[in-house]
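Could you walk me through this structure in the viewer? I would like to know what to select at each stop, and what is there to see.

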Amino acid sequence: MSALISLATIGNFKSTAATLGVPPVKLTRLVQRAEEDCGFQIFHRSRVATTLTSRGKKLLAACKELDLAAADFEHKLEQIRGKINEELKISCGPLATHTVLLPVLRALLKDRPDITATVAVTAHREPIQQLRAGEIDLFIGDLTHTTAFDDIEVMVLEKREIIFVARPGNPVLSGGPYSLAELLHKSLALPHIHRYWQTAFNDALKEAGVPELPKVPQIECDDYQTLISLAATTDIITAGTQEQLEEALASEVLARISMTARIQYNICCACRDPQAAEALKLAWQAIAENYQA
């Protein structure tokens, strides 16, 4: 069921398989089996995109209702057992760790020194499905690529500027200011970039009259310590928010690359119910007070 919901949301077999962490062949078989069990075609398939049939749309609505009901049942069952875990489960995009996550965790520890939390920093997972399944309580990051939904509460936060940096001595620093299209043709090390942004990057290249890139970035990694260390010791370029790169810039391990235009990062936080648990309520309040747009 989660595979069908993810495929309908993402609209691409390969990207959905990567998000779910399964081989594309396995996802194809799951969908084929679901269509056989249902007795009708769920998806239209083409080279451009995978879209729902009219019956598939009705099935998706039913799947979402069932998915939500199952998660509610599990939560209520744990309440009856008296085993509700107050641990706050957070998923955070790599670009939002220093910008939002760290200040919020500090605020929580100040108000609730006994709080426990698990944080997964990744751009590869599908946060809305994780929230619906009860795998996480709170998501912080970019939701630009997601479709509309009415069962998840979303708070739009202040946008942050994305800056590109390189080590002192990197030849790129002797030039500029650069356009985004020019920087995209250089060696980049960045966190995972969703298909939505891959398309946006290629659109920027088209506007500049230059060929599309086969893959951006050259090196993909969701760990910013690795990205910063790599940019500081090679001629590869990385990018992030000012907060993310502040220490490296202050110590002059990295230097800012001059650009012709500002690039902004859309940050949101999302949860199913901000009042579901005390720790989540405190986190949601801290984010609203300090970062809401």
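Which residue in β13 does Phe139 stand opposite? Keep in mind that this is a predicted model, then select Phe139 and look across to β13: the residue opposite is Ala270.

**Stop 1: strand β13 and its partners**

Select residues 268-271, which form strand β13. Strand β5, residues 138-141, pairs with β13 in the antiparallel sense, over three bridges. Now add residues 153-156, strand β6: this strand also runs antiparallel to β13, and four bridges join the two. Within that pairing, Met155 has Cys269 as its bridge partner.

Show the side chains of β13 next. Cys268 and Ala270 sit on one side, Cys269 and Cys271 on the other, and all are buried, so both faces of the strand are covered.

**Stop 2: Leu280**

From Cys271, step over to Leu280, since these two residues touch. Leu280 belongs to helix α11, residues 278-291. Is Leu280 buried or exposed? Its relative accessibility is 5%, so Leu280 counts as buried.

Leaving aside residues up to four places away in sequence, Leu280 touches Leu88, Asp137, Leu138, Cys271, Asp273 and Pro274. Try a distance label from Leu280 to Asp137: the C-alpha atoms are 7.2 Å apart, while 143 residues separate the pair in sequence.

**Stop 3: from Leu88 into a β-α-β unit**

Another contact of Leu280 is Leu88, and Leu88 has Ala117 in β4 as its bridge partner. Select residues 88-92 (β3) and 117-121 (β4) to see the two strands pair in the parallel sense over five bridges. Add residues 97-111, helix α5, and you have a right-handed β-α-β unit made of β3, α5 and β4.

**Stop 4: helices α1 and α2**

Move to residues 2-10 (α1) and 13-20 (α2), two helices that pack with their axes 9 Å apart at an angle of about 130°. That angle makes α1 oblique to α2. The crossing of α1 past α2 is right-handed.

For the contact region, show Ala3, Ser6, Leu7 and Ile10 in α1, which meet Phe13, Ser15, Thr16, Thr19 and Leu20 in α2.

**Stop 5: Gln129**

Keep Ser6 selected and find Gln129, one of whose contacts is Ser6. Gln129 is in helix α6, residues 127-133. With a relative accessible area of 8%, Gln129 is buried. Besides Ser6, Gln129 touches Ile5, Thr9 and Asp67, not counting residues up to four places away in sequence.

Note on methods:
Residues numbered from 1 in each chain as written. Predicted model: local features only at pLDDT ≥ 70, side-chain atom pairs only at ≥ 80, totals over all residues. Heavy atoms only, no water. Buried < 20%, exposed > 50% of the residue type's maximum accessible area, 1.4 Å probe, protein only. Contact = heavy atoms within 4.5 Å. Pairing = 2+ DSSP bridges. Right-handed = clockwise from strand over helix to strand, strands pointing away. Axes fitted to C-alpha atoms, helices over the stretch in contact; angles between N-to-C directions. Parallel < 35°, antiparallel > 145°, perpendicular 65-115°, else oblique. Left-handed = near helix turned anticlockwise from the far one by under 90°.
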